[in-house]
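Work through the exercises below with the sequence and the 3D view at hand. Try each task before reading its solution.

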Amino acid sequence: MNAAVNKVSSHYDEVADSYDYRYDANFGKFYYNDISRHVMERFPKDGRLLDLGCGTGLFVRHYVNEGGVAVGIDISRGMIGKASDKCASSDFTIGTAEVLPFCDGSFDAVSSLLSFSYLNQPEKALAETFRVLRPGSPIAVCTLGRNLFTRGLPALYHISEAMNLKKACFGAFGERYYSVEEMEQLFYGAGFIDVRVKRCSFAHYNLARPIYVLAKKIEPFVERNIPYLAYNICASGRKPYDNEIELL
Ligand SMILES: C[S@@+](CC[C@H](N)C(=O)[O-])C[C@H]1O[C@@H](n2cnc3c(N)ncnc32)[C@H](O)[C@@H]1O
(Lines give C-alpha, C1' and ligand atoms only; values in the text may rest on other atoms or scores of the structure.)
Protein backbone atom coordinates (compact mmCIF):
# COMPACT_ATOMS: atom_id res chain seq x y z
CA MET A 1 0.00 0.00 0.00
CA ASN A 2 1.26 3.51 -0.76
CA ALA A 3 1.32 6.32 1.83
CA ALA A 4 -1.98 7.88 0.70
CA VAL A 5 -3.81 4.54 0.92
CA ASN A 6 -2.19 3.84 4.30
CA LYS A 7 -3.46 7.16 5.59
CA VAL A 8 -7.05 6.34 4.56
CA SER A 9 -6.96 2.82 5.97
CA SER A 10 -5.45 4.01 9.29
CA HIS A 11 -8.17 6.65 9.56
CA TYR A 12 -10.92 4.07 9.04
CA ASP A 13 -9.22 1.62 11.42
CA GLU A 14 -9.46 4.37 14.05
CA VAL A 15 -13.11 5.27 13.43
CA ALA A 16 -14.41 1.72 12.81
CA ASP A 17 -15.94 1.39 16.30
CA SER A 18 -17.96 4.61 16.03
CA TYR A 19 -18.63 4.60 12.25
CA ASP A 20 -22.14 3.17 12.43
CA TYR A 21 -23.33 6.08 14.57
CA ARG A 22 -22.86 8.21 11.44
CA TYR A 23 -25.01 6.17 9.05
CA ASP A 24 -26.96 3.64 11.09
CA ALA A 25 -28.69 5.97 13.58
CA ASN A 26 -30.75 9.19 13.61
CA PHE A 27 -30.65 11.32 10.41
CA GLY A 28 -27.65 9.38 9.14
CA LYS A 29 -29.87 6.32 8.78
CA PHE A 30 -32.38 8.18 6.55
CA TYR A 31 -29.50 9.57 4.51
CA TYR A 32 -27.96 6.12 4.10
CA ASN A 33 -31.31 4.48 3.26
CA ASP A 34 -31.79 7.01 0.45
CA ILE A 35 -28.39 6.29 -1.03
CA SER A 36 -28.97 2.53 -0.73
CA ARG A 37 -32.29 2.89 -2.54
CA HIS A 38 -30.66 4.73 -5.45
CA VAL A 39 -28.02 1.99 -5.75
CA MET A 40 -30.48 -0.87 -5.27
CA GLU A 41 -32.69 0.40 -8.13
CA ARG A 42 -30.30 -1.07 -10.69
CA PHE A 43 -29.69 -4.44 -9.02
CA PRO A 44 -31.20 -7.92 -9.13
CA LYS A 45 -32.40 -8.76 -5.62
CA ASP A 46 -31.28 -12.36 -5.56
CA GLY A 47 -27.83 -12.08 -7.14
CA ARG A 48 -24.23 -12.33 -5.93
CA LEU A 49 -23.01 -8.82 -5.11
CA LEU A 50 -19.51 -7.42 -4.62
CA ASP A 51 -19.37 -4.22 -2.52
CA LEU A 52 -16.22 -2.12 -3.08
CA GLY A 53 -15.03 -0.17 -0.03
CA CYS A 54 -17.68 -2.03 1.98
CA GLY A 55 -16.71 -0.41 5.32
CA THR A 56 -18.66 -1.87 8.24
CA GLY A 57 -20.97 -3.78 5.89
CA LEU A 58 -24.03 -1.51 5.93
CA PHE A 59 -24.85 -2.05 2.25
CA VAL A 60 -23.88 -5.73 2.38
CA ARG A 61 -26.45 -6.16 5.16
CA HIS A 62 -29.03 -4.24 3.11
CA TYR A 63 -28.44 -6.44 0.04
CA VAL A 64 -28.58 -9.68 2.01
CA ASN A 65 -31.83 -8.54 3.68
CA GLU A 66 -33.26 -8.03 0.16
CA GLY A 67 -32.55 -11.70 -0.58
CA GLY A 68 -29.11 -11.72 -2.19
CA VAL A 69 -25.63 -12.97 -1.35
CA ALA A 70 -22.85 -10.42 -0.85
CA VAL A 71 -19.07 -10.20 -0.61
CA GLY A 72 -17.23 -7.08 0.59
CA ILE A 73 -13.71 -5.72 0.07
CA ASP A 74 -12.09 -2.83 1.93
CA ILE A 75 -8.56 -1.60 2.70
CA SER A 76 -9.29 -1.10 6.42
CA ARG A 77 -8.86 -4.11 8.68
CA GLY A 78 -10.90 -2.38 11.39
CA MET A 79 -13.89 -1.75 9.11
CA ILE A 80 -13.72 -5.31 7.76
CA GLY A 81 -13.75 -6.62 11.35
CA LYS A 82 -16.99 -4.74 12.04
CA ALA A 83 -18.51 -5.93 8.76
CA SER A 84 -17.74 -9.57 9.60
CA ASP A 85 -19.41 -9.19 13.01
CA LYS A 86 -22.48 -7.60 11.41
CA CYS A 87 -22.91 -9.97 8.45
CA ALA A 88 -21.81 -13.39 9.57
CA SER A 89 -23.04 -15.14 6.42
CA SER A 90 -21.03 -12.89 4.05
CA ASP A 91 -17.37 -13.05 3.02
CA PHE A 92 -15.08 -10.07 3.49
CA THR A 93 -11.58 -9.44 2.15
CA ILE A 94 -8.99 -6.83 3.07
CA GLY A 95 -7.74 -5.31 -0.17
CA THR A 96 -8.06 -2.48 -2.63
CA ALA A 97 -10.84 -2.01 -5.16
CA GLU A 98 -8.13 -1.44 -7.77
CA VAL A 99 -6.89 -5.05 -7.68
CA LEU A 100 -9.76 -7.48 -7.14
CA PRO A 101 -8.87 -10.99 -5.99
CA PHE A 102 -11.89 -12.56 -7.72
CA CYS A 103 -12.41 -14.62 -10.87
CA ASP A 104 -13.67 -13.17 -14.17
CA GLY A 105 -17.45 -13.02 -14.45
CA SER A 106 -18.09 -14.09 -10.86
CA PHE A 107 -20.61 -11.40 -9.75
CA ASP A 108 -24.16 -10.37 -10.72
CA ALA A 109 -23.75 -6.81 -9.40
CA VAL A 110 -21.02 -4.49 -8.07
CA SER A 111 -21.77 -1.61 -5.71
CA SER A 112 -19.73 1.11 -4.06
CA LEU A 113 -21.20 3.57 -1.56
CA LEU A 114 -19.35 6.64 -0.25
CA SER A 115 -15.97 5.11 -1.19
CA PHE A 116 -15.34 5.89 -4.85
CA SER A 117 -13.98 9.40 -4.10
CA TYR A 118 -11.03 7.83 -2.24
CA LEU A 119 -9.76 5.81 -5.19
CA ASN A 120 -6.37 6.87 -6.55
CA GLN A 121 -6.97 4.92 -9.75
CA PRO A 122 -10.71 4.90 -10.47
CA GLU A 123 -10.08 3.69 -14.05
CA LYS A 124 -8.33 0.61 -12.68
CA ALA A 125 -11.15 -0.11 -10.21
CA LEU A 126 -13.71 0.16 -13.02
CA ALA A 127 -11.64 -2.09 -15.32
CA GLU A 128 -11.44 -4.66 -12.52
CA THR A 129 -15.19 -4.33 -11.92
CA PHE A 130 -15.84 -4.91 -15.61
CA ARG A 131 -13.71 -8.07 -15.47
CA VAL A 132 -15.41 -9.62 -12.41
CA LEU A 133 -18.99 -8.87 -13.57
CA ARG A 134 -20.96 -11.41 -15.57
CA PRO A 135 -22.02 -10.09 -19.01
CA GLY A 136 -25.24 -8.07 -18.72
CA SER A 137 -24.70 -7.33 -15.01
CA PRO A 138 -24.87 -3.87 -13.38
CA ILE A 139 -22.51 -1.62 -11.45
CA ALA A 140 -23.84 1.24 -9.30
CA VAL A 141 -21.72 3.77 -7.43
CA CYS A 142 -22.90 6.50 -5.09
CA THR A 143 -20.37 8.95 -3.72
CA LEU A 144 -19.96 12.63 -2.86
CA GLY A 145 -20.11 14.63 -6.09
CA ARG A 146 -18.55 17.98 -6.94
CA ASN A 147 -21.07 20.74 -6.29
CA LEU A 148 -21.26 24.24 -4.90
CA PHE A 149 -20.65 23.00 -1.34
CA THR A 150 -18.08 20.24 -1.89
CA ARG A 151 -15.79 21.74 -4.53
CA GLY A 152 -13.75 23.68 -1.94
CA LEU A 153 -13.51 20.83 0.56
CA PRO A 154 -10.21 19.20 -0.58
CA ALA A 155 -8.44 22.59 -0.30
CA LEU A 156 -10.07 23.20 3.08
CA TYR A 157 -8.90 19.80 4.32
CA HIS A 158 -5.34 20.52 3.18
CA ILE A 159 -5.29 23.92 4.84
CA SER A 160 -6.78 22.63 8.10
CA GLU A 161 -4.28 19.78 8.17
CA ALA A 162 -1.37 22.14 7.45
CA MET A 163 -2.58 24.36 10.29
CA ASN A 164 -3.01 21.34 12.55
CA LEU A 165 -6.75 21.94 12.88
CA LYS A 166 -7.54 18.23 12.68
CA LYS A 167 -10.23 18.50 15.33
CA ALA A 168 -12.12 21.14 13.34
CA CYS A 169 -12.04 19.27 10.05
CA PHE A 170 -11.40 15.87 8.52
CA GLY A 171 -7.86 15.09 7.39
CA ALA A 172 -6.80 15.51 3.77
CA PHE A 173 -7.14 12.13 2.07
CA GLY A 174 -6.75 13.21 -1.56
CA GLU A 175 -10.47 12.67 -2.17
CA ARG A 176 -11.78 13.48 -5.65
CA TYR A 177 -15.31 14.72 -6.15
CA TYR A 178 -16.67 14.10 -9.63
CA SER A 179 -19.02 15.94 -11.95
CA VAL A 180 -21.72 14.15 -13.97
CA GLU A 181 -19.61 14.41 -17.15
CA GLU A 182 -16.51 12.96 -15.44
CA MET A 183 -18.48 9.98 -14.11
CA GLU A 184 -19.97 9.34 -17.55
CA GLN A 185 -16.51 9.43 -19.12
CA LEU A 186 -15.11 7.00 -16.53
CA PHE A 187 -17.99 4.54 -16.96
CA TYR A 188 -18.08 4.62 -20.78
CA GLY A 189 -14.26 4.52 -20.82
CA ALA A 190 -14.34 1.25 -18.86
CA GLY A 191 -16.71 -0.29 -21.43
CA PHE A 192 -20.03 -0.06 -19.56
CA ILE A 193 -23.25 0.67 -21.43
CA ASP A 194 -26.67 2.02 -20.36
CA VAL A 195 -24.75 4.54 -18.28
CA ARG A 196 -26.90 6.82 -16.12
CA VAL A 197 -25.57 9.49 -13.78
CA LYS A 198 -27.75 11.57 -11.48
CA ARG A 199 -27.28 13.72 -8.44
CA CYS A 200 -29.11 12.98 -5.19
CA SER A 201 -29.41 13.96 -1.48
CA PHE A 202 -29.74 17.51 -0.30
CA ALA A 203 -30.52 16.84 3.37
CA HIS A 204 -27.06 16.07 4.75
CA TYR A 205 -27.08 14.14 8.03
CA ASN A 206 -24.63 16.64 9.57
CA LEU A 207 -27.12 19.50 9.40
CA ALA A 208 -28.70 20.86 12.60
CA ARG A 209 -32.20 19.42 13.15
CA PRO A 210 -34.37 22.38 11.93
CA ILE A 211 -32.21 22.87 8.83
CA TYR A 212 -32.21 19.14 8.18
CA VAL A 213 -36.01 18.98 8.37
CA LEU A 214 -36.33 21.86 5.91
CA ALA A 215 -33.67 20.41 3.58
CA LYS A 216 -35.44 17.04 3.63
CA LYS A 217 -38.73 18.68 2.65
CA ILE A 218 -37.24 20.43 -0.36
CA GLU A 219 -34.93 17.55 -1.33
CA PRO A 220 -37.18 16.15 -4.11
CA PHE A 221 -37.51 19.66 -5.61
CA VAL A 222 -33.75 20.20 -5.50
CA GLU A 223 -32.99 16.76 -7.00
CA ARG A 224 -35.42 17.45 -9.87
CA ASN A 225 -34.85 21.13 -10.57
CA ILE A 226 -31.45 22.20 -9.21
CA PRO A 227 -29.54 18.88 -9.03
CA TYR A 228 -26.19 20.70 -8.95
CA LEU A 229 -26.92 21.46 -5.27
CA ALA A 230 -27.34 17.79 -4.32
CA TYR A 231 -24.37 16.25 -2.48
CA ASN A 232 -24.07 12.81 -3.94
CA ILE A 233 -23.59 11.53 -7.42
CA CYS A 234 -24.99 8.12 -8.36
CA ALA A 235 -23.59 6.48 -11.47
CA SER A 236 -24.69 3.17 -12.90
CA GLY A 237 -24.21 1.08 -16.00
CA ARG A 238 -23.94 -2.51 -17.08
CA LYS A 239 -21.43 -4.79 -18.70
CA PRO A 240 -22.58 -5.57 -22.26
CA TYR A 241 -23.29 -9.11 -23.44
CA ASP A 242 -20.74 -10.49 -25.93
CA ASN A 243 -23.09 -9.93 -28.90
CA GLU A 244 -23.60 -6.31 -27.79
CA ILE A 245 -19.82 -5.74 -27.72
CA GLU A 246 -19.66 -6.80 -31.38
CA LEU A 247 -22.25 -4.15 -32.23
CA LEU A 248 -20.45 -1.33 -30.38
C1 LIG B 1 -17.04 6.51 4.02
S2 LIG B 1 -16.56 4.84 4.14
C3 LIG B 1 -17.89 4.02 3.30
C4 LIG B 1 -18.06 2.60 3.78
C5 LIG B 1 -19.28 1.85 3.25
N6 LIG B 1 -19.25 1.71 1.81
C7 LIG B 1 -20.56 2.51 3.66
O8 LIG B 1 -21.36 2.81 2.77
O9 LIG B 1 -20.78 2.75 4.85
C10 LIG B 1 -15.24 4.71 2.94
C11 LIG B 1 -14.61 3.32 2.91
O12 LIG B 1 -13.81 3.18 1.72
C13 LIG B 1 -12.69 2.39 2.06
N14 LIG B 1 -11.67 2.58 1.01
C15 LIG B 1 -10.99 3.70 0.71
N16 LIG B 1 -10.16 3.48 -0.33
C17 LIG B 1 -10.34 2.19 -0.70
C18 LIG B 1 -9.77 1.36 -1.72
N19 LIG B 1 -8.84 1.83 -2.57
N20 LIG B 1 -10.19 0.08 -1.84
C21 LIG B 1 -11.12 -0.40 -0.98
N22 LIG B 1 -11.68 0.31 0.02
C23 LIG B 1 -11.31 1.60 0.14
C24 LIG B 1 -12.31 2.90 3.43
O25 LIG B 1 -11.45 2.03 4.12
C26 LIG B 1 -13.68 3.04 4.09
O27 LIG B 1 -14.08 1.86 4.73
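For the first exercise, Ala, Val, Leu, Ile, Met, Phe, Trp, Tyr, Cys and Pro count as nonpolar, Asp, Glu, Lys and Arg as charged, and the others, Gly among them, as polar. Keep in mind that this is a predicted model.

**Exercise 1. Describe the shell around the ligand.**

Step 1. Count the residues. The ligand is surrounded by 23 residues, and the closest are Gly53, Gly55, Ser76, Leu113 and Ser115.

Step 2. Sort them by class. The shell holds 15 nonpolar, 6 polar and 2 charged residues.

Step 3. Find the elements that supply them. Helix H1 (3-15), helix H4 (58-65) and strand E2 (69-74) each give at least two residues. H1 provides the largest share, 3 residues.

**Exercise 2. Trace the sheet and place two helices on it.**

Step 1. Write down the strand order. The sheet is open, has 7 strands and reads E3-E2-E1-E4-E5-E7-E6, with mixed pairing.

Step 2. Mark the edges. Strand E3 (91-94) and strand E6 (193-200) each pair on one side only. From one strand to the next, the twist averages 15°.

Step 3. Look at one parallel pair. Strand E4 (residues 109-113) and strand E5 (residues 138-144) run parallel, joined by 4 bridges. Here leucine 113 has cysteine 142 of E5 as its bridge partner. Leu113 has already appeared among the residues closest to the ligand.

Step 4. Add the helices. Helix H3 (residues 26-40) packs on the sheet and touches E4, E5, E6 and strand E7 (232-238). The direction of H3 makes about 150° with that of E5. Helix H5 (residues 77-86) also packs on the sheet, where it touches E2 and E3. Its direction makes about 175° with that of E3.

**Exercise 3. Which residues of E7 are buried on its two faces?**

Step 1. Recall the rule. In a regular strand, side chains alternate between the two faces of the sheet.

Step 2. Apply it to E7. Asn232, Cys234, Ser236 and Arg238 lie on one side, Ile233, Ala235 and Gly237 on the other, and all are buried. That is 7 of the 7 residues of E7.

Step 3. Check the neighbours. E5 and E7 run antiparallel, joined by 7 bridges. E6 and E7 are also antiparallel, with 6 bridges. Isoleucine 139 stands opposite glycine 237, and isoleucine 193 stands opposite arginine 238.

**Exercise 4. Find the buried face of helix H8 (residues 180-189).**

Step 1. List the buried residues. They are Met183, Leu186 and Phe187.

Step 2. Look down the axis. The buried residues of H8 fall within an arc of 95°, so they line one face of the helix. The spacing fits a general rule. An α-helix has 3.6 residues a turn, so residues three or four places apart point the same way.

Step 3. Name the packing partners. The buried residues of H8 pack against helix H6 (122-132), E6 and E7.

Step 4. Turn to the other side. Glu181, Tyr188 and Gly189 are exposed there.

**Exercise 5. Pick out the positive phi values.**

Step 1. Set the baseline. Most residues other than glycine have a negative phi.

Step 2. Find the exceptions. Asparagine 26, in helix H3, has a positive phi of about 50°. Aspartate 194, in strand E6, has a positive phi near 50°.

Step 3. Check their surroundings. Asparagine 26 is partly exposed, with 13 other C-beta atoms within 10 Å. Aspartate 194 is partly exposed, with 13 C-beta neighbours inside 10 Å.

Step 4. Add a glycine. Glycine 191, just after H8, has a positive phi of about 105°.

Technical notes:
Residues numbered from 1 in each chain as written. Predicted model: local features only at pLDDT ≥ 70, side-chain atom pairs only at ≥ 80, totals over all residues. Near = placed C-beta within 6 Å. Pairing = 2+ DSSP bridges. Axes fitted to C-alpha atoms, helices over the stretch in contact; angles between N-to-C directions. Contact = placed C-beta atoms within 7 Å. Buried ≥ 20, exposed ≤ 12 C-beta atoms within 10 Å, placed from the backbone. Arc of directions from axis to C-beta.
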